[in-house]
Structure formats: structure tokens, C-alpha cells
Amino acid sequence: MSPAAIGLAGMGILLVLLALRVPVAFAMFAVGFGGNAILNGFPAALSLTASESFTLASSAELIVVPLFILMGNVATETGMSRRLYDAAYATIGSVRGGLASATVIGCGGFAALSGSSVASALTMGKVSLGEMDRFKYDPRLSTGVVAAGGTLGILIPPSTGFVIYAILAQESIGRLFLAGVLPGLLLLGMFVLTVSILCWFFPKMGPAGPKTSLRDKARGIAGAAPILTIIVLTIGGIYGGLFSPVEAAAVGAGLVIIFGFIGRTLTLRGLWNATRDSVVTTSTVMLILIAAHMINPFLALSHIPQTIGGFLSGLDLPAVGILLVIMLCYLVLGCFLEGFAMLVLSMPIFYPIITQLGIDPIWFGVLVVLTLEMGLISPPVGVNVFIVKSVAKDVPIGKIFAGVMPFWFAMLVTLGLLVAFPQISLFLPNSMIN
Amino acid sequence: ETLKLAHWVPPAHTLTKSTIEPLKNGVEADTNGDLTIDVFPGGELGKGPLEQYVRAVQGVADIVWGLQGYTSSQFPRTMVSELPSVLPDGKAGYDILWDAYDAGQISGEFPGTVPLALWLSEPNIFIMKDRDIRKPEDLKGLKIRVSGSAAAAIIEALGATPVQMPAGEIYNSLQTGLIDGVVTGASAVADFKLDEVANSYTIGAPLGRISFYLVMNKAKYDSLSDASKKAIDDHSGRKLSASAEEGWNAKAKATVEALKATGDNTVIELSDDDIAAFGELTVPVTQKIVSEIGAEDVYATMTGQ
Amino acid sequence: MLSAINKLADRLIGLSAVLGSIGLIVEVMVILVDVTGRYFGKPLTGAQDISQMTMVIIVFGGMALCDKLGGHISVDIFEYFFPPRVLWLGDVIAPLLGGVIFCGIAWTVWESAALSRMLNLATNIIYLPKAWFQYVVVVLSAITAFGMFTRALGIALSGKPVSHQLDKAI
Ligand code: NA
Ligand code: NA
């Protein structure tokens, strides 16, 4: 069997294992291990097991994962999340799906302080899912909104996705960050529109609340003052150069704990339970990321990306045609691979093709990051969906995948708009940096 | 037979042209294609630069590229080459590394592998945002990013505060003012896009260099045919190291010229007096570290004393 | 006999989680001290070294409890199409596979720790030996594997699948 055939067989086995309800992390781990053992020898696969486990678990970038989960958990424990959603409910709860729209906007805001989709989905999930449940929102809508909205983390700057792309493509990080702003806002708008359309046709998905007076609105917002203060301090601290986005996660968690003790809404027992819960969620998420990184070398060794690249450069198509085929490849690869792994594997292959065709690499970067986001919520390996599942234990994963589908289509439409109108991506970088 | 060469930078990095291609093309031509080298860039064979050496020892890859400075506890003696004022004027960095290696003074730090190339980067410089560094006092209280304990000692000796952070965060941290600057080689400016956020560069202070290795799994090397071994020997060692070091120096030179050509940058080239003022503070750090680890022999070989 | 094993597993799983939780609290404090200190020109030396190594304890400390609580995520979309007997078989195989994986992690990290000692690997600023933390991973992974095997045995003996969500799969 050729390496590429072994690679494809590996993906087939992964599908079968997933269908048999083998936990996602175990299935990816087993396939990654087996593939590496076949293509690179058993000792190499064993060595990879040790190095990927330890490297991911000690990764400086991923420290945000437990810290933001802790922040979300304590915010929930102290009732801060509740008061935040009471405020949102008082303000726009009378609109159908209003809380879901507010959650999308919250995801957009969180994306402005976090560079990671995983952290965004985790924190927003911890804060919002229970609350939307409380107001009788359909779990398909609430989980779908958080899984999809969380992906905004890598489109709206700062973004780990753009940083990796910039370094792989030798492009400007600043231009890429600027290029992500308008598409990020556009996508945010598309998500709100999707919520509105869904709730228009299915009012029960996001039931409208009673009309509220101006006084109720003011009271609601006042109740959310502590958590709003913490959010402002955290974002301000990053942009003011007091701490890095990673450290902001610890500062945010620390502030929530301190506010909780001061306001007597947090007990030591409550803090301990929230901490233990955070550790368990961290393990869930990190094992999936470790397993995804076992698959990455397997696919590199299978030379599947090179095979696709060779096929593409032999195609007799205009530039836009090649671009669309590449987007299609990303959508398909995104079904199986974790986003950043996919970026690392594909860039050395696709990037030279793109530059040869004269396609603007900044524009391409935005398109790639959007397809990565789609991969994060597309079955069977949708990392953000798994993350939401780790927060919403009692919602079957099928419901979450069903819930994200409308948002996946909203992203597809956005992708179409970005392909058709490069200016949406390029206007800001071209007018602000020369 | 095919050897797997793994690294974690993009294919467009200086490494490809200066180091990988001479080895790959030379070996493949000499063996008429019997021995080929398959390159896996960007961390495709595993995440993280810290595990590179282990990957070679355990055979995940046959050849790996890495920085001693990422796992400095493994290379205390080799890293003497990185310290301020160790490399004598007019001598090449790879020569002092190989002199010490051939004398058996650092070879114990490379168990399980055969080094194919060892070399030094261009000298480190100050890469600053909104701060011009002309004399040591200008650094008082500034926050400077460092990656290892030797660099931290040098920064502290200069009166600044060393700040530890992952390489991927430097860009954002310079932009927001979390750090005031970075000390590294000019060739790294483009790698991490620092020119977009930094605007003042100071060249000439004795701040040391960065050392690199390209190593091959020893068992794999031993298993090759004599012809293959000879092909590798003929295209590695000092010859390959020279090519690598030239690549880094050329990149650094081009980077500094580009920085000067861009109007909004300040590029400060220190006078001999200023250099001496910095040296008074940084050179004692070298002495201190050398005696702490008992590497006087390495120091003597490398400085040619 | 089985109940004694279960009890032991539960106690070890609880201890792992306690260790992970302490790690998370340490993590928050280390970063806060570093950020505050840096503001006054005195950052905590080696803060990043400590927080990265502590993260290892958090991640592996929670693995065993995560499995016990059924936290490892699986795709339950096709549940509807399988008879209970097949579901039961899957429920036995999953923790068995997990146990094998964690035995593998424990063993390979053990080997890797020996190599770390040979290469004298440590963190870059305050030289925390890497092998220490690798041994912690070994122990925590072994506990996770033990917990998983125990759970597989329990499900196997019960003869019934764990979860059944036929009515609300999609
Ligand atoms: Na972001
Ligand atoms: Na996917």
C-alpha cells in the first residue's frame, strides 16, 4: 500500500471507531499511533506518544485553557454569569432569540481578548449554556451558538491562527490582524442574522421574554456590574501592556475569585468544587488536542497533502478555480484535522501555488482561517463541538452538530462573500498599512 | 534509502538554502540517488522545538535541526560559545565550536547522535520599541524578553528586567508595551515580524550569539553503507557549518540594511567607547558563568588562548 | 474483591484530582505574583518554567476523574441503530482502549524520563528537572489506566450498556 492509501485507510478507520462510540480522543490517538507505527516504525510511534503528551500538556500557549475554564466556572458559581444573563434578558430578552444573539456578541467580545477558539468556546460555554437553559432556549440553539461563536476567536484579532499563518507564509502579522477585523464583524453579523431567522421560523428555539421597562434594564445592567468590571479590566490590561493574553486568563480568574469572596458569593468549598471541575474539563480538552497531534505526523508521513498539491498544480483552471478547489480541500481536511495541525501540514504545499497564481496572500490568509473555523465545527472531528459537549454534558453530541449546521452554512455564505469581494478583507490592511 | 530530516520553521527560512539544500543535494548527487533526504518542515513530525534532539535520539526523525538554547541544561559547555566576547574577532563561530568538539570538550553533550553541523548566529542586538539604547544607563528598568538563564544574567547585569515569554508572544508584547525590547540576532527580526512593532535597533554591544546544531541519529548513521557514510561526511562538518553560518550572516546583513532603508526606524551603531561601556558589564557575566560550570578548558579553546 | 478494587481506584482517582486542583490554584497564584511583580520591576524568576510544568500536573491530574465521570467525549449519533448488546460491547471496549493508551503513555513517558536524565533536560531559567514532571505523568497515567480497566470490568460484569439516549439522540 502506498503511504497515501495508508493515510486514507487511517481516516476510514477513524470514522468507523467514532461511529462505534469510541471516545474521540481514544480513536484519534489509536489511529495516529497506528499510522505512525506503520509509516515510521514502532519505536518512532512510541517516542511520539511520550513527546506529544508532554509537549502539549506543558505548552505555554495552552495554559489559557484551565485558567479560562476556571474563570467561567467561578463566574457561574458566584452567580456572576446569572446576573450577566439577567442583564442581557432585561435588555434584549423580549426579542426572539435575543439571548442567543447576545451570546454571539459576547463571543465576539471574548475573541477580542483571546487568540484561541478553544478558550473562547470553553469560557463562553461555561458562562452561557446554563443561563440560556434557564430561559428555556432550545439546547440545539444555545450549544450551536457557542460552538460557532467561539470560532470567532481566531478571526477577530488577536489570533493564534493568523500568527501561525503569518510565520508559515512570511507575511505581516499586523496586516493579517487588520484583515480579520471586517470579516470577523461580518461573520458575527451573519451569526446574529442566523439566530434571528431560526427563531423567526421556530419561535420555541429562543422564546421571547416579557417587555421590560427602562428601569428594569438599568437594574439588570447594574447587577452585572462586577463581571462587566472584570471584563473591562482584563481587556484593558492586555491592551495597556500590563499582561499578555495568556496571563489575562489568570488575572481574570483571580479577579472573579476575589470579587466572589468580597461579595460573599463564593465559599472555599465552592471554589474547590469549581477548581476540580475545571481540572476535569481541562483533561477532556487536552486529551483531544494531544490525540489530534498524534494524527498530524501520520498525515505528514502519508504525503497526502503533497499528493493533493501535485494534483492541483496539474489542473488546467483559472486562478479563482484553483482557489475554490483549495477551499474545498480545506473544508474536507477540516472534517478530520484539528485546525492548526491542518495549517502546518497544508501551507508548505498550497502556499507556493497561491503565490504563483498571483493571489493576495493576506486575502488567502483570511479565507484559510475562515475554513479552519468551519473545520472546528464540522463533523466528525469538530473540536469546538467536543468542547461545548465537555461543558454541556447532558446534550447529545448529535444535537450539537445539528445545532451548529445553520451556523456552518452562515460561514459558507460568508466565505462566498469574502471570495467574491476581496475588499472586505483587504480594505483595512491596505488603507492603514502600506 | 531515505533519511527523514525534521525541523519546525517554514520551508522559506534561511535554514533551507544555507543548510538543508547543500546537504541534501550533495548527498543525493554523490550516491546517485541511493541515499535521499526527505524534509519535514514546520514541526510536521511532532510539535515543539524542545523535543527536537530527543526525536533524533529515538528515531522519529533521522536528522534534526535545533537550538542548544531551547534545552540549555543539556548543553552548558557548548553554550559557552554564545556568551559575550567569547568569539574572537576575525574567527568564525563554527570553527570555535568544532575546535572544542574535536578536542573532546563538548562532544559529551551530544549522546546518541552524530553532529552534522554546529554554528553560531550573527551577534545579538537590541530590538526596541520607542526606546533608543546608546549607553547601558538607557536600559535601566526596561523590560527585555529573554529565553534562557545566561541571557537573563546579561540583561540583569545591564540593569534591565528580564522577562520570560514564548517566542510567539513577542510580537503582541512589544506592541502593547508589555516588554520594551528583545535581545536576539538581526536575522530573527523577519522570522517573528518584529520589524512591524519595533522601531529602534542598537548594534555592536557584546550581547553574545545563538548557537545551532544539525544532528543525525548515530545508530542510523552507523547502519549506512560506506559509500553513503562518505557522502554524508563529505557534505557535513565544518564545510556545512560554514555554509549555514554564512546564510545567517547574509540574512542579518540584509535585514539591517532593510531596517536602515525604512525611514521610521532608528538604527544605532555603537562607537568603540560605547561598546566598551557595555562590555564592562556583560563580559564579567561570561567569566562568572564559565567558572560556575567549570568550563575553563572550553573557554580557552574557543577564545584561542 | 471487586469492591475492594473499586474502592482503591476511587481513592487514587480522588487523590489525582486533588493534585490537579492544587496545581490549578498554584498556577493562578504564580502568574498573578509574576504579573504584579513585573509591574514593580521584580517579576517572579522562572514563572513560566513553573507554570508550564504545573500545567502538566493539572492536565494529567484530571484524566482519571474525567474518565470516571464519563467525561471523555464520544459521538453518540449512531447509538440509535445499534442493539443494546453492541452498545454494551462498545462500552466495555472504550475504557479498555483508553486503559491501553494510558498504559502506553505511562510506559513511553517513563522511557522518555530516563532519556531526560541522560540528557540532563530541565526548564530553561530555573532548571526544574524535566524527569520529575515526567514521573508525575507516569504515576497519574498509571492511575488513569487502572481506573479505566476497573470501569471496563464493572461494565463487562453488569452486562448492560452504560448510557442510552435513544429518545433524544438528535
Ligand atoms: Na481573537
Ligand atoms: Na472538523
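Below, a trainee and a mentor chat about a predicted model, chain by chain and contact by contact.

Trainee: Before we start, what kind of model is this, and which pLDDT limits apply?

Mentor: It's a predicted model, where local features need pLDDT of at least 70, side-chain atom pairs count only at pLDDT 80 or more, and totals for chains, interfaces and linings use all residues. Residues are numbered from 1 along each chain as its sequence is written, chains are lettered from A and ligands numbered from 1 in the order in which they are written, and side-chain values use heavy atoms, with hydrogens and water left out.

Trainee: OK, chain A. What does UniProt list for residues 12-424?

Mentor: The unreviewed UniProt entry gives "domain: TRAP C4-dicarboxylate transport system permease DctM subunit" for that stretch of chain A. UniProt positions are in the numbering used here, feature names are shortened, and annotations may be inferred rather than shown by experiment.

Trainee: And how much helix and strand is in there?

Mentor: Residues 12-424 of chain A are 79% helix and 0% strand, with the end C-alpha atoms 38 Å apart. Helices (H or I, at least four residues) and strands (E, at least two) are DSSP runs, numbered from the N terminus.

Trainee: Now chains A and B. How many residues are in contact?

Mentor: On chain A, 39 residues are in contact with 30 residues of chain B; contact means heavy atoms within 4.5 Å. Together the two chains bury about 2,800 Å², 60% of it on carbon and sulfur atoms. Buried area is the accessible area (1.4 Å probe) that two parts lose on being put together, summed over both.

Trainee: Which side chains make the salt bridge between those two?

Mentor: B:R55 and A:E52, at 3.7 Å from N to O. The rule finds 1 salt bridge across that interface, a salt bridge being a side-chain nitrogen of Lys or Arg within 4 Å of a carboxyl oxygen of Asp or Glu.

Trainee: Which elements of chain A give two or more residues to the side touching B?

Mentor: Among them are α3 (42-57), α10 (173-201) and α14 (268-302) of chain A. The largest share, 8 residues, comes from α3(A).

Trainee: Switching topic: how many salt bridges are there over all chains?

Mentor: A search of the whole structure finds 26. One joins A:R21 to C:D91 at 2.5 Å, N to O. That pair crosses between chains, from the loop between α1 (3-19) and α2 (24-40) of chain A to helix α4 (residues 84-119) of chain C.

Trainee: Is A:R21 buried or exposed?

Mentor: A:R21 counts as buried, at 8% relative accessibility, and C:D91 counts as buried at 12%. Buried means under 20% relative accessible area, exposed over 50%, partly exposed in between (1.4 Å probe, protein chains only).

Trainee: What about C:K130, which side chain does it meet?

Mentor: C:K130 meets B:E51 in a salt bridge at 2.7 Å, N to O. C:K130 is buried, and so is B:E51.

Trainee: Last one: where does A:S159 lie?

Mentor: A:S159 is in the loop between α8 (139-150) and α9 of chain A. The residue is buried, with a relative accessible area of 2%. Its side chain reaches the backbone oxygen of A:I154 at 2.8 Å and the backbone nitrogen of A:G161 at 3.2 Å.

Trainee: Which residues is A:S159 in contact with, leaving aside neighbours within four places in sequence?

Mentor: Those are A:G115, A:G153, A:I154 and A:F177.

Technical notes: Polar contact = N/O pair within 3.5 Å; in protein donor to acceptor, adjacent residues only side chain to side chain.
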